[in-house]
Amino acid sequence: MEHYIELTNFIKKNIDIEDKDLKVVLSYFKPIKKSKNEILLSNGKNSQVSYFVKKGCLRIFYIDEEGKDITRYIAFENQFATELVSFITNEPAQENIQVIEKSELLYITHDDFRTLIKTIPKWKDFYSIYLEKAYVNSSKRLISFTTLDASERYKQLFKINPNIVRRLPNKIVASYINISQETLSRIKSKL
């Protein structure tokens, strides 16, 4: 079960679960390795998989009506990533999931995820906590876009998640905080 140490710790950090139930949960996750820049989900396809990042980085992004690449979410080690709206509704995804760094992942299918919700009561608690955190993070990001200027958004990002700034190309960082690369370069040169 060495593949599952990080996931085990992540689950136990969020819920109190008995070992026998945890073993069942872990049995539904499968390991995979993915190469840099690989697309795991394309816009228009149904999101039938949720990923847990053991090593590496995934990003969820979409292309706006002007053809601009907008990064909505970045998942590093010990984080989940899925196109949540499609995963929940079973409708075609509006976003893409891309591997940003060579990654080791654990994945679970939508059907297996739902089976766990029905059979392991604590997994339903885990899902509830996951959804709450996703909502809070999305709300905070949206508010920052309307209340903070570009420089303040960059400083906030560096404070909250310095990995994004340190590990990712400026193009993705700029897309994540909704500014141009040129603006990002100016901000970085002043700091």
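This report describes the overall build of one protein chain and the two largest pockets in its surface.

The structure is a predicted model, in which local features need pLDDT of at least 70 and side-chain atom pairs count only at pLDDT 80 or more, while totals for chains, interfaces and linings use all residues. Residues are numbered from 1 along each chain as its sequence is written, and side-chain values use heavy atoms, with hydrogens and water left out.

**The chain as a whole**

The secondary structure of the protein chain comes to nine helices and six strands, where helices (H or I, at least four residues) and strands (E, at least two) are DSSP runs numbered from the N terminus. Because a compact globule of 191 residues would have a radius of gyration near 16 Å, the 17 Å of the protein chain agrees with that expectation; the radius is taken over C-alpha atoms, and the globule rule is 2.2 Å times the number of residues to the power 0.38. Along the principal axes, the C-alpha atoms fill a box of roughly 55 × 35 × 30 Å. Of the 191 residues, 42% are buried, that is, under 20% relative accessible area with a 1.4 Å probe, protein chains only.

**The pockets**

Rolling a probe the size of a water molecule over the atoms shows where empty space is left. A pocket here is an open set of points, on a 1 Å grid over the protein atoms alone, where a 1.4 Å probe fits, with protein on both sides within 12 Å along at least five of seven lines; lining residues have an atom within 4 Å of a point. A volume is the space filled by probe spheres set on the points, which are joined across faces, edges and corners.

| Pocket | Volume | Nearest its centre |
|---|---|---|
| Largest | about 1400 Å³ | Y73, N137, S138, R141 and Y176 |
| Second largest | about 210 Å³ | D69, K171, A174, S175 and Q181 |

The largest pocket is lined by 46 residues, and the largest share of this lining, 14 residues, comes from α5. Among the other elements that each supply at least two residues are α1 (5–14), β3 (49–63) and β4 (69–75). By class, this lining has 24 nonpolar, 12 polar and 10 charged residues, with Ala, Val, Leu, Ile, Met, Phe, Trp, Tyr, Cys and Pro counted as nonpolar, Asp, Glu, Lys and Arg as charged, and the others, Gly among them, as polar.

The second largest pocket is lined by 13 residues, and the elements that give two or more of them are α8 and α9 (181–190). Here α8 gives the most, with four residues, and the lining has three nonpolar, five polar and five charged residues.

Note on methods:
Buried < 20%, exposed > 50% of the residue type's maximum accessible area, 1.4 Å probe, protein only.
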